[in-house]
Each structure stands twice: as structure tokens, then as C-alpha cells.
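Hi there,

Here is the structure I promised to pass on. Have a look at it first, and then read my notes below.

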Amino acid sequence: MSTEQAAGYFGSFGGSYIPPELQEVMDYLAQQFETYKNDPEFVEEFQYYLREYVGRENPLTYAKHLTDKLGGAKIYLKREDLNHTGSHKINNVLGQILLAKRMGAKRIIAETGAGQHGVATATVCAMFDMDCTIYMGAEDTRRQALNVFRMELLGAKVVAVEKGQGRLKDAVDEALGDLVQNYRNTFYLLGSAVGPHPFPTMVKHFQSIISEESKRQILEKEGRLPTAVLACVGGGSNAIGAFAHYIDEPSVRLIGVEPDQAPSLTQGVPAVLHGFKCLVLLDENGEPRKTYSIAAGLDYPGIGPEHSHLKESGRAEYYTVTNEEVLNAFQVLSKTEGIIPALESAHAVAHALKLAPTLTKDDILIVNLSGRGDKDVEQVFHMLQNQ
Ligand SMILES: *Cc1c(COP(=O)(O)O)cnc(C)c1O
């Protein structure tokens with residue numbers, strides 16, 4: 001095992017289970033990331049665009065009305081929903097495209113399921129004048145026609161993958177094929193804290209700005225650390241970013257929240273998925289189980305390796321919430337605070353609604369509001385009509 005591979009393990013999870021030709025590409029990427037991540041010019045450039053383009057730092061908003069209504073812990077919201085493009089995804093795509101530029105890449109490729117990561121990637125490609133190709137399952141391009149239009153508006157080429165079932169997995173295969181062919185000038189921009197090493201480490205690095213800010217902000221506002229930090233978990237990038245600077249603070253509970261129909265962490269077993277080892281939901285044939293979530297961003301049968309480890313070691317806790325609880329949380333936050341959360345983020349809010357009343361007024365919860373809900377309003381409208 002090379003040192004890069006060893007460095008990519010979290011307990012027994014993570015690593016790199018990929019063909020040799022892809023391993024070479026990943027080894028080079030890992031080495032380049034190590035070279036640049038603490039390079040003062042690189043760090044300064046990242047901070048410049050976080051400030052001037054993303055709009056950071058974003059606030060840690062005290063949710064007074066929600067707190068009063070629940071009558072327990074004080075609730076603060078970390079406002080990733082206020083970032084440019086409306087979610088935490090921009091932190092990661094910005095960091096990776098700056099790295100791609102340093103590495104001399106001319107082309108960016110990515111895969112996308114519902115389209116959110118594709119739109120974020122197309123956004124920074126427009127900003128940095130990079131050639132951009134987004135692979136998307138043909139079935140997904142039909143269901144998400146507006147996101148396809150958004151990506152094209154931003155100058156990206158969207159490739160509809162007809163192979164296989166025309167879904168995310170087939171798009172991943174096409175994107176990896178492209179990378180192996182074109183790695184000399186092409187950078188594969190991955191959207192969550194998943195995949196072979198160095199992706200989980202790299203995505204965490206760029207997303208940990210969330211907890212770097214929230215820790216400073218809560219110490220300024222309250223003079224102490226929170227009781228718990230809550231975040232929704234799809235692949236795990238907003239959650240690992242929201243947890244990062246609290247992992248070594250044992251007094252702070254770390255709480256991840258999953259949909260009850262995609263409960264990788266609560267029901268998964270160790271297995272290799274998409275080139276790395278993590279907790280995976282398997283069906284009776286040992287194949288990755290079909291998951292379903294009302295929040296497209298949480299619909300993934302695996303989970304980042306570090307979350308798998310945080311779960312196994314007991315450092316973090318993971319819970320599920322039902323669709324009904326999520327829909328309720330979506331409406332409660334809208335009415336009490338005037339903030340419409342993304343359906344993904346509403347999972348974290350839903351758990352906070354249950355947890356806060358069981359705690360005291362001396363407790364503090366930080367809920368990571370990973371994104372805004374504008375994209376989900378029409379879907380929620382139809383779901384509520386059909387209830
Ligand atoms: C994509 C997305 C998620 C899920 O991805 P993670 O990598 O688990 O953070 C959560 N919230 C929003 C708003 C998203 O767009």
C-alpha cells in the first residue's frame with residue numbers, strides 16, 4: 001500500500017479501490033493537493049473568492065422565534081443558504097477549480113444526479129473561463145430539464161448518458177472513462193466527501209470553512225462552545241465541514257441526520273462503493289440498495305468514509321427523520337424565521353425540532369442550513385396538495 005493510500009484511511013474506511021491507471025491519476029492529485037493546500041498564495045486566492053464571489057463569511061443567525069416556540073436549547077443557524085448559488089456546494093467547487101488551475105488543467109469534468117453539483121461546477125467554470133463537461137444520466141436530464149438549461153446557460157456542455165439505466169452511476173462511469181483518457185489536461189471535480197483518496201480529505205478541507213467560521217462566531221456570541229452541531233448527510237460534505245473544527249472538542253455532540261429511506265449510517269454495512277470503503281446500504285443480493293429521498297441531494301446508498309468512521313468510533317451520532325417530519329420542519333422554519341430551507345437542510349432542522357425541547361436553556365444547538373429552499377418550493381407545493 002502506498003503512503004497516499006494509507007493517508008486516505010479513516011479507521012478501516014476510505015482508501016482507494018480503483019484500477020491502476022486511475023490510481024496513478026489519484027496519486028498525482030493527492031500529491032498536488034498536499035503541495036498547494038497550505039501554500040500562502042493558494043490560501044489567499046481561495047479566501048479572496050470566498051469573500052468576493054461566494055459572499056463569506058455568512059452569518060450564524062440566532063433563531064429566536066424558533067427557540068421560544070420550542071422552549072429548550074438556544075438554536076443558531078449557520079447560513080450556507082446565503083452563499084452565491086444558494087448552498088454549501090460552492091465552497092468545494094471553488095477550492096477544487098483553483099487547484100485545477102494550479103495543476104494546469106484546461107478542462108473540468110463532473111457528474112451530476114439531480115443537477116445541483118453540475119450547476120455549481122458550471123458556475124465556477126464560467127467564472128474561471130474553463131471548458132466544462134457535465135455527465136448526467138439521460139433519465140436525469142429529462143427529469144431535471146431546468147438544471148440542464150442552467151448548466152448550458154453557464155456555458156457547460158451537458159452529456160446525456162444513455163448507457164446502462166441512464167442514471168447517476170452510469171454518468172460516473174462515463175466521467176471516469178473520460179478522465180482516464182484525458183487526465184493530462186482534465187480535472188475531475190467531485191461533489192461530495194466521497195470517492196477514492198484524496199477526494200474525501202480534499203472536500204473536507206474546502207468545506208471546513210463552515211465550522212472554522214461557526215466556532216469563531218459562537219465564541220463571540222455566547223463565549224462558549226455549542227452543546228451539539230447538526231447537519232444533514234447525503235454524501236457527507238456539508239456535515240463534515242460543519243463538524244471539522246469540533247471533532248477534537250469532546251464536549252460538542254456531532255449529529256448527522258439522514259432520510260429514513262436512505263439510512264446509510266444507521267443501517268449500512270462496510271463495503272466498497274465507487275472506489276472507496278464506507279458504510280453502504282445493500283440489498284439481499286449484496287448490491288447497493290435503491291434509495292429514495294424527497295431531497296435529491298441526500299439520495300445516495302453510501303456515505304463518506306470519515307462519517308463511517310465517526311459512526312463506528314462513536315464520536316458522532318446519526319439519526320433518521322421521516323418525510324413527514326421534513327415537510328413539517330420546512331414549513332416551521334419558513335413561518336417562524338422567514339427562512340425557507342432546502343429540503344436537504346430541513347432534515348437537520350427536523351431533528352433539531354425533536355432535540356431542542358429535551359434540552360435546557362443553557363444548551364446551544366448549531367444547525368447547519370446547507371442550502372435555501374427556492375429550488376424545492378414547487379415540489380413541496382405538490383406534496384402538500386396530495387396529502
Ligand atoms: C447536495 C446537497 C446536500 C447533500 O450533500 P452533502 O455532500 O451530504 O452535503 C445537502 N444540502 C444541500 C442544500 C445540497 O445541495
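A quick bit of vocabulary before the rest: a residue is called exposed when its relative accessible area is over 50%, buried when that value is under 20%, and partly exposed in between. Keep in mind, too, that this is a predicted model.

Let's start on the surface. Leucine 146 has a relative accessible area of 59%, so it counts as exposed. You'll find leucine 146 in helix α8, which covers residues 145–153. It has company there: Leu146, Phe149 and Leu153 make up a nonpolar patch on the surface, and together they have about 360 Å² of accessible area.

Now for the ligand. Which residues come nearest to it? There are 18 residues around the ligand, and the nearest are Lys89, Ser192, Gly234, Ser237 and Ser370. A few contacts to look up in the viewer:

- Histidine 88 uses its side chain: an N or O atom there is 2.9 Å from an oxygen atom of the ligand.
- Glycine 234 uses its backbone, with an N or O atom 2.8 Å from a ligand oxygen.
- Glycine 236 also has a backbone N or O atom 2.8 Å from an oxygen atom of the ligand.

As for how much of the ligand is covered, it exposes 390 Å² when taken alone, and the protein buries 96% of that.

Lys89 deserves a second look. The unreviewed UniProt entry lists "modified residue: N6-(pyridoxal phosphate)lysine" at Lys89. In the model, lysine 89 sits in helix α5, residues 89–102. Is lysine 89 buried or exposed? Its relative accessibility is 17%, and the cut-off for buried is under 20%, so lysine 89 counts as buried.

The same kind of record gives you a wider frame: UniProt (unreviewed entry) places "domain: Tryptophan synthase beta chain-like PALP" at residues 56–367. That span is 43% helix and 20% strand, and its end C-alpha atoms lie 18 Å apart.

One last spot, outside that frame. Glutamate 21 belongs to helix α2, residues 20–36. With a relative accessibility of 43%, glutamate 21 falls between the two cut-offs and therefore counts as partly exposed. Where glutamine 181 is concerned, the two residues are 160 apart along the chain, yet the C-alpha atoms of glutamate 21 and glutamine 181 are separated by 9.7 Å.

Shout if anything is unclear.

Cheers

Key
Residues numbered from 1 in each chain as written. Predicted model: local features only at pLDDT ≥ 70, side-chain atom pairs only at ≥ 80, totals over all residues. Heavy atoms only, no water. Patch = residues over 30% accessible without salt bridge, like charges linked within 9 Å, V, L, I, M, F, W, Y side chains within 5 Å. Areas by Shrake-Rupley, 256 points an atom, 1.4 Å probe, with all protein chains shown as cover. Salt bridge = Lys/Arg side-chain N within 4 Å of Asp/Glu carboxyl O. Helix = DSSP H or I, 4+ residues; strand = E, 2+ residues; numbered from the N terminus. Buried < 20%, exposed > 50% of the residue type's maximum accessible area, 1.4 Å probe, protein only. UniProt positions renumbered as here; feature names shortened; annotations may be inferred. Near = heavy atom within 4 Å. Polar contact = N/O pair within 3.5 Å; in protein donor to acceptor, adjacent residues only side chain to side chain.
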